[in-house]
Amino acid sequence: MALPPPARGKTRALRARNTSKEHTVAQPKNLKKLTRTRMERTGESYTTARKSILAAKPERPASAADAQAAADAAEEAELPEYPGPENVVQYDAGLWHRVLTQAGVLHPLTGQPLSEALLAGLAGGIGFMVFTFEYESVTTATVITRAHPEPYTANLLARCGAKVNERTTGSPRLAAEYLDAGLDAGRAVVVRASVAALPWIDAEAVEDSDSIDLAVVGEHGDDLLLDDGSGQLTPISPADLATARSGRKRDKNWQAWIPASTGPDAQTLAANVLTAIEATTARLLGTSELEGVPAHFGRNFGIAGMDSWVDRLRDTTTAKGWSQVFAEPQRLASGLEQVLGFLTDTRFGGLGALRGQYADFLTEASKLPGLESLGEHAQGYAHLAQDWIGFTEAIDPSIDPGQRAEHFAALADHLAAIARAEELAATALARNAKSLLA
């Protein structure tokens with residue numbers, strides 16, 4: 001089974017060691033506020049922003065010279081109309097919003113680029129999964145609120161209605177030729193790379209199986225320029241990129257780009273919206289099988305997964321209860337840091353567990369022919385976003401280990417209310433989508 005990037009031993013163990021050091025220093029009383037303010041300003045994840053504040057780490061770019069170099073690189077990218085990331089909520093949907101915008105793909109009714117929210121909803125939008133794994137020195141916690149485990153990007157590309165040139169190859173030479181063909185056509189090319197193989201990443205700090213999609217947007221001297229969502233273009237040599245692209249056997253040298261500005265017609269887009277909603281609600285409600293996931297793991301997904309987490313948060317006696325799983329202070333602090341990282345990062349979670357973005361998706365979708373009633377569900381998901389924000393802010397990695405049972409119980413009460421609201425929202429949306437499909 002291909003599990004999500006479950007918080008894994010090597011990556012999370014390092015985080016745990018760093019976390020233990022952080023807790024030996026005095027923390028600002030308004031650390032959470034400072035962290036979220038920095039996140040909004042820099043686009044960093046919660047964990048990265050928090051560590052930067054505690055370490056007094058400067059924001060990027062570090063100097064005016066760095067900023068000018070980034071601007072010069074962007075000017076030489078030679079890809080017209082490629083926008084920078086702005087107010088990104090979900091990394092992959094945001095990346096493809098920029099790529100499709102640069103290719104000139106437009107919404108059939110508004111004549112504007114397909115929004116990040118619309119693309120995210122088409123990709124599957126929202127979901128839930130929780131897993132813990134125990135290692136010798138650390139217990140990891142993974143919480144995913146993005147659509148999962150189905151292929152997010154593959155769904156996005158299949159449902160957005162744009163023409164996509166997508167290829168994989170075992171040949172580095174052909175991979176370079178395919179990449180050049182896209183760039184020569186004046187298009188950004190999205191490639192999939194092994195995170196550990198990127199030259200600016202500490203390979204010991206990430207799992208070998210971790211991957212990320214990056215957009216190659218042009219050349220700067222002998223280097224290629226990458227959009228990695230940071231707001232700055234990152235140069236990389238063709239050789240280093242080739243190494244990173246070939247690091248995963250399953251999708252070796254995968255790439256995709258948009259060869260034409262042809263976009264979806266309104267009827268096709270409306271049908272694809274309903275297909276996406278049907279899959280999303282079925283996954284949340286547990287009425288469909290999870291591809292590639294054994295049945296006994298199903299209790300970790302969807303609303304059933306939320307209920308399972310509630311039970312484990314409240315359990316103070318068995319080995320599966322979080323009070324026992326995270327009994328050691330270091331495991332407790334690092335585990336809660338990991339949960340916060342997943343809930344606030346833009347790869348597998350996001351602000352408000354992505355429920356606010358899903359509300360925006362439903363609002364936009366309601367403008368498509370025959371889908372007006374979808375807008376009635378937007379408010380419910382907007383409220384859920386606020387509930388998830390409250391839950392996220394209540395998580396305290398610095399909690400006294402002696403008070404962990406009370407802390408987990410309070411989180412469980414909050415999460416139980418969210419689960420019931422999620423169930424009501426998904427049930428109503430599924431019923432409406434079914435009637436519209438009929």
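Modeller: Let's start with a cut-off: angles over 145 degrees between two helix directions count as roughly antiparallel. Keep in mind that this is a predicted model.

Biologist: Thanks! How do helix H11 and helix H16 run, roughly parallel or roughly antiparallel?

Modeller: The axes of H11 (residues 302–314) and H16 (residues 404–437) cross at roughly 160° and come within 9 Å. The two helices are therefore roughly antiparallel to each other. As for handedness, the crossing of H11 past H16 is left-handed.

Biologist: Which residues in H11 meet H16?

Modeller: On the H11 side they are Ile-303, Met-306, Asp-307, Trp-309, Val-310, Leu-313 and Arg-314. Their partners in H16 include Phe-408, Leu-411, Asp-413, Leu-415, Arg-420 and Glu-423. Sorted by class, this contact of H11 with H16 has twelve nonpolar residues, six charged ones and no polar ones.

Biologist: Now to the sheet. In what order do the strands of the open sheet lie?

Modeller: Reading a sheet begins with the pairing of its strands. Here six strands follow the order E3-E8-E4-E5-E6-E7, and the pairing is antiparallel.

Biologist: Which strands stand at the edges?

Modeller: Strand E3 (165–167) and strand E7 (233–236) do; each has a single partner strand, so one side of each lacks a neighbour in the sheet. From one strand to the next, the twist averages 30°.

Biologist: How many bridges join E4 and E5?

Modeller: Strand E4 (residues 189–194) pairs with strand E5 (residues 211–220) over six bridges, in the antiparallel sense. Within that pair, Val-189 is found opposite Val-216 in E5.

Biologist: Which strands does helix H8 touch?

Modeller: H8 (residues 172–184) packs on the sheet and touches E3, E4, E5, strand E6 (223–227) and strand E8 (255–257). The direction of H8 makes about 15° with that of E8. Helix H9 (residues 238–245) also packs on the sheet, touching E4, E5, E6, E7 and E8. For H9, the angle with the direction of E4 is about 65°.

Biologist: One last residue: is Gly-127 buried or exposed?

Modeller: Relative accessibility is the value to look at, and buried means under 20%. Gly-127 is at 0%, so Gly-127 counts as buried. You will find Gly-127 in strand E1 (residues 126–134).

Biologist: And what does Gly-127 touch?

Modeller: Leaving aside residues up to four places away in sequence, Gly-127 touches Ile-144, Thr-145, Arg-146, Ala-147, Arg-283, Leu-284 and Arg-355. The C-alpha atoms of Gly-127 and His-148 are separated by 6.1 Å, with the two residues 21 residues apart along the chain.

Notes. Residues numbered from 1 in each chain as written. Predicted model: local features only at pLDDT ≥ 70, side-chain atom pairs only at ≥ 80, totals over all residues. Heavy atoms only, no water. Axes fitted to C-alpha atoms, helices over the stretch in contact; angles between N-to-C directions. Helix = DSSP H or I, 4+ residues; strand = E, 2+ residues; numbered from the N terminus. Parallel < 35°, antiparallel > 145°, perpendicular 65-115°, else oblique. Left-handed = near helix turned anticlockwise from the far one by under 90°. Contact = heavy atoms within 4.5 Å. Nonpolar A, V, L, I, M, F, W, Y, C, P; charged D, E, K, R; others polar. Pairing = 2+ DSSP bridges. Buried < 20%, exposed > 50% of the residue type's maximum accessible area, 1.4 Å probe, protein only.
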